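Here is a set of short exercises to work through with a model open on your screen. Try each task before you read its solution.

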Amino acid sequence: MALKIVSYEELYGWTMDSIVRAVGLKNNCTFCGVFRRQALDRGALMLKVDKIVTGHNADDIAETVLMNVLRGDIARLARCTAISTGTDGALPRLKPFKYTYEKEIVMYAYFKKLDYFSTECIYSPNAYRGYARAFLKDLEAVRATSIIDVIHSGECMGVRKEVKMPTQGTCKQCGYISSQELCKACVLLEGLNRGLPRLGIGKSSRVKKALAEAPAASTPAAARLAAAKIDF
């Protein structure tokens with residue numbers, strides 16, 4: 001399969017550099033994470049593939065479990081440890097390295113002389129995940145099985161049937177999966193285009209109010225995103 005590079009600028013009209021200049025270093029990971037996940041799906045549809053396989057390893061998943069527990073995000077906690085997600089949709093996602101430690105992958109790449117990135121993103125010095133990672137490494141120093149233990153704990157956690165969970169639907173603007181009227185990517189992009197980069201950071205009720213009060217923004221990238229609806 002040929003390599004297909006899909007850029008933020010091509011999809012959204014913004015580079016990560018320009019996003020950081022607008023929003024600063026505190027919440028830029030929110031933009032990158034949301035845009036990256038949607039870009040993966042859009043790139044997959046361009047290539048007409050039927051599955052997305054990601055390189056998430058055991059360290060990544062254990063960090064995500066901790067982050068979702070700390071945030072009280074039971075919707076994501078219920079699915080973050082699954083090897084496959086979205087199996088009832090058009091583009092299932094698979095994580096074959098779920099039980100593989102990051103250090104094992106690095107050792108394999110080193111001894112096989114494979115190219116790999118060993119540097120952290122320059123825009124994530126204060127990323128929330130970094131604190132979860134540091135905590136997890138401290139736990140691992142005391143108990144070697146901590147990473148797998150955290151994953152198993154996440155797998156065993158359940159949500160009571162009476163707890164109301166978000167209902168999955170689609171974004172009315174771009175057609176992407178969303179539990180809100182507008183998906184997170186469209187809200188974040190709208191905020192950037194309106195000069196309100198922090199619009200999508202916070203509660204959905206505040207976002208709705210801000211969208212109603214601020215004048216609408218129309219950009220070529222926003223128009224392309226709305227035109228290239230994803231059919232889920």
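The exercises below go from helix packing to charged pairs, backbone angles and the surface.

This is a predicted model, so local features need pLDDT of at least 70, side-chain atom pairs count only at pLDDT 80 or more, and totals for chains, interfaces and linings use all residues. Residues are numbered from 1 along each chain as its sequence is written, and side-chain values use heavy atoms, with hydrogens and water left out.

**Exercise 1. Two helices and their crossing**

Task: Work out how helix 4 and helix 7 are oriented to each other.

Solution:
- Start by finding helix 4 at residues 58-71 and helix 7 at residues 128-142. Helices here are DSSP runs of H or I with at least four residues, strands are E runs of at least two, and both are numbered from the N terminus.
- Next, take the packing values: the angle is about 110°, and the axes are 9 Å apart. Axes are lines fitted to C-alpha atoms, for helices over the stretch in contact, and angles run from 0 to 180 degrees between N-to-C directions.
- Now classify the angle: under 35 degrees is roughly parallel, over 145 roughly antiparallel, 65 to 115 roughly perpendicular, and the rest oblique. Helix 4 and helix 7 are therefore roughly perpendicular to each other.
- Finally, the handedness: helix 4 passes helix 7 in a right-handed crossing. A crossing is left-handed if the near helix is turned anticlockwise from the far one by less than a right angle, and right-handed if clockwise.

**Exercise 2. A charged pair between those helices**

Task: Find the salt-bridge partner of Arg 129 and say what the pair ties together.

Solution:
- Recall the criterion: a side-chain nitrogen of Lys or Arg lies within 4 Å of a carboxyl oxygen of Asp or Glu. Side chains of opposite charge can pair when their charged atoms come close.
- Arg 129 meets Glu 63 in such a bridge, at 3.2 Å from N to O. Since Arg 129 lies in helix 7 and Glu 63 in helix 4, the pair ties together parts that are 66 residues apart in sequence.
- Check the cover: buried means under 20% relative accessible area, exposed over 50%, and partly exposed in between (1.4 Å probe, protein chains only). Glu 63 is buried at 2%, while Arg 129 is partly exposed at 27%.

**Exercise 3. More salt bridges**

Task: Say how many salt bridges the whole structure has, and look at some of them.

Solution:
- A search of the whole structure gives 13.
- One of them joins Lys 98 and Glu 155, with the closest N and O atoms 2.5 Å apart. Lys 98 sits in the loop between strand 3 (93-94) and helix 6, and Glu 155 in helix 8 (residues 146-156), so this pair links distant parts of the chain, 57 residues apart.
- Lys 98 is buried at 5% relative accessibility, and Glu 155 is partly exposed at 32%.
- Another bridge pairs Glu 162 with Arg 160 at 2.9 Å; both residues are exposed.
- A network of salt bridges links Asp 59, Lys 103, Lys 137 and Glu 140.

**Exercise 4. Helix 9 and its cover**

Task: Is helix 9 mostly covered or uncovered, and how does it cross helix 3?

Solution:
- Count the residues: nine of the ten in helix 9 are buried, including Cys 186, Leu 189 and Glu 190.
- Look at the packing: the axes of helix 3 and helix 9 (residues 184-193) come within 9 Å and cross at roughly 130°. The two helices are therefore oblique to each other, and the crossing is left-handed.

**Exercise 5. Positive phi**

Task: What is the sign of phi at Lys 48 and at Lys 113?

Solution:
- Begin with the background: most residues other than glycine have a negative phi.
- Lys 48 has a positive phi of about 60°. This lysine lies in the loop between helix 3 (28-46) and strand 1 (52-53) and is exposed at 75%.
- Lys 113 also has a positive phi, about 55°. Its place is the loop between helix 6 and helix 7, and Lys 113 is exposed at 74%.

**Exercise 6. A nonpolar patch**

Task: Which residues form a nonpolar patch on the surface?

Solution:
- The members are Val 106, Met 107, Tyr 110, Phe 111 and Tyr 116, with about 560 Å² of accessible area together. Areas come from the Shrake-Rupley method with a 1.4 Å probe; for residues, only the protein chains shown count as cover.
- Patch residues have over 30% relative accessible area and no salt bridge; like charges are joined within 9 Å, and nonpolar side chains (Val, Leu, Ile, Met, Phe, Trp, Tyr) within 5 Å.
- Take Met 107 as a check: this residue is in helix 6 (residues 102-111) and is partly exposed at 48%.
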